[in-house]
Protein chains: 2
Amino acid sequence: MNVKSPKPAVTPIELEHFLPYRLNVVAEAVSRALARLYETRHGISIAEWRVIATLGQYTQMTAKDIGAHSRMHKTKVSRAVARLEARQCVARTSNAEDMREAFLELTDDGRAIYDDLVPRALAFERKLSDALTVEEQASLDALLSKLEVSAFDDVGDGET
Amino acid sequence: MNVKSPKPAVTPIELEHFLPYRLNVVAEAVSRALARLYETRHGISIAEWRVIATLGQYTQMTAKDIGAHSRMHKTKVSRAVARLEARQCVARTSNAEDMREAFLELTDDGRAIYDDLVPRALAFERKLSDALTVEEQASLDALLSKLEVSAFDDVGDGET
DNA sequence: GTTCATTAGTTGCGAATGTAACTAATAAAA
DNA sequence: TTTTATTAGTTACATTCGCAACTAATGAAC
């Protein structure tokens, strides 16, 4: 009892190998690089890009559905759509059957942005995953899917 | 010339399989769940956790080194450290050899938080990667490393 | 030693974010 | 029909973020 407990000495975490940290660092680096593309070419944010991408793929959708599909908070969608509408990239048609919601579509301007960005975004992705073999790419896709399930379901309601 | 060019018709991107999007969604879900842990137990943010984790691992460091190690913008580090200092979790000792910088260390309170969070963070990670086999975990780690390199070096200074 | 450049760290500012509260419309209950 | 609950979407508010500009200290050039 002469040494005053020589430090709690928890085995430390090595941040560099801590999965949540690593995922975040990679995702952030990728997002940032991609955002630069959207921003410099068309002055749009990633949220705006996601709205455009969703409408480019599905033609017509409500804000709620866009949010569900692109996994964005409804206020984020609302504001992204508002900006895009102000810039005439998205058109709103209220639904006569349910006046709470409105169908959103790309305008010609919006589609022009989409058409311009799609090949570049794909090229970006290709360049990114050039570091991986085809098998690795497939593997990564599968692993991300598993993590996604795990992250949304399991984690977050753990013990405590 | 009777049809007015039947839509540009770029092959659309499927957002659900677009790597940057997927990485971001997974990373965000994981971060959010983990942040809830740090927040509810100790009222700290992820940035603050990263500072604590870095100091927990390396004992003493300057703000600059913390930023480099945990890949955070210097203003983010500065503000996180300021909050932690105000809460007596981090102590600052200015370097007599170079008065611009200061060495940072965890106080007892800071270390208590660290000691409390480390096993929980590791449990969280374990739970998360329980969805994967051991080989898959190793594979993911390697793939993330490759992507990290790719994202930081290659991409971002492409053509245009 | 004096000037100039660089570096560590902080702060002002505008933009972006999520929560919670709100509006307006629909649906369910009574 | 009238009340009550739910839903789509917007907005007020507080917080967070990164860039750019700043301060203070060090180092380099001369």
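## The interface between the chains

Chain B and chain A bury about 6,600 Å² between them, and 67% of that area is on carbon and sulfur atoms. Bear in mind as you look around that this is a predicted model. The figure for buried area is a familiar kind of number: the size of an interface is often given as the accessible area lost when the parts come together. Counted by residues, the interface brings 69 residues of chain B into contact with 70 residues of chain A.

Polar links are part of the picture too. Between chain B and chain A there are 20 residue pairs in polar contact, with both residues at pLDDT 80 or more. Which helices of chain B supply the side that touches chain A? At least two residues each come from helix 1 (19-42), helix 2 (46-58), helix 3 (63-70), helix 5 (108-129) and helix 6 (134-152) of chain B. Helix 1 of chain B gives the largest share of that side, with 16 residues. Sorted by character, the residues on the side of chain B that touches chain A are 37 nonpolar, 16 polar and 16 charged.

## Salt bridges across the interface

The count of salt bridges between chain B and chain A is 6. A good one to find on screen is the pair A:Glu136 and B:Lys146, whose side chains meet with an N to O distance of 2.8 Å. Why does this pair join two chains? B:Lys146 lies in helix 6 of chain B while A:Glu136 lies in helix 6 (residues 134-152) of chain A, so the salt bridge spans from one chain to the other.

The two partners fall into separate accessibility classes. B:Lys146 has a relative accessibility of 34% and therefore counts as partly exposed. A:Glu136 stands at 19%, and because buried means under 20% relative accessible area, A:Glu136 counts as buried.

There is also a network of salt bridges to trace, linking A:Arg22, B:Arg71, B:Asp141 and B:Glu148.

## Salt bridges within chain A

Over all chains, the structure holds 20 salt bridges. One of chain A's own is formed by A:Arg83 and A:Glu48, with the closest N and O atoms 2.2 Å apart. A:Arg83 sits in helix 4 (residues 74-86) of chain A and A:Glu48 in helix 2 (residues 46-58) of chain A, so this pair ties together parts that are 35 residues apart in sequence. A:Arg83 is partly exposed, at 40% relative accessibility, whereas A:Glu48 is buried, with a relative accessible area of 4%.

Another salt bridge joins A:Arg100 to A:Asp98, and here the closest N and O atoms are 2.9 Å apart. Is A:Arg100 buried or exposed? At 76% relative accessibility, A:Arg100 is exposed. Its partner A:Asp98 comes to 21%; because partly exposed begins where buried, under 20%, leaves off, A:Asp98 counts as partly exposed.

## A buried aspartate in helix 5

A:Asp116 is worth a stop as well. This residue is placed in helix 5 (residues 108-129) of chain A, and its relative accessibility of 18% makes A:Asp116 a buried residue. Which residues does A:Asp116 contact, leaving aside neighbours within four places in sequence? They are A:Arg41 and A:His42.

## Positive phi at Arg71

Most residues other than glycine have a negative phi. Against that background, take a look at A:Arg71, where phi is near 50 degrees, a positive value in a residue other than glycine. A:Arg71 is in the loop between helix 3 (63-70) and helix 4 of chain A, and is partly exposed, with a relative accessible area of 41%.

In chain B, phi of B:Arg71 is likewise positive and near 50 degrees. B:Arg71 belongs to the loop between helix 3 and helix 4 (74-86) of chain B, and counts as partly exposed at 39% relative accessibility. B:Arg71 is also one of the members of the salt-bridge network described above.

## Cysteines

How many disulfides are there over all chains? The count comes to 0. Two cysteines can be placed by their accessibility: A:Cys89 is buried at 2% relative accessibility, and B:Cys89 is buried with a relative accessible area of 3%.

Note on methods:
Residues numbered from 1 in each chain as written. Chains lettered and ligands numbered in written order. Heavy atoms only, no water. Disulfide = S-S within 2.5 Å. Buried < 20%, exposed > 50% of the residue type's maximum accessible area, 1.4 Å probe, protein only. Contact = heavy atoms within 4.5 Å. Buried area = accessible area lost by both parts, 1.4 Å probe. Salt bridge = Lys/Arg side-chain N within 4 Å of Asp/Glu carboxyl O. Polar contact = N/O pair within 3.5 Å; in protein donor to acceptor, adjacent residues only side chain to side chain. Helix = DSSP H or I, 4+ residues; strand = E, 2+ residues; numbered from the N terminus. Nonpolar A, V, L, I, M, F, W, Y, C, P; charged D, E, K, R; others polar.
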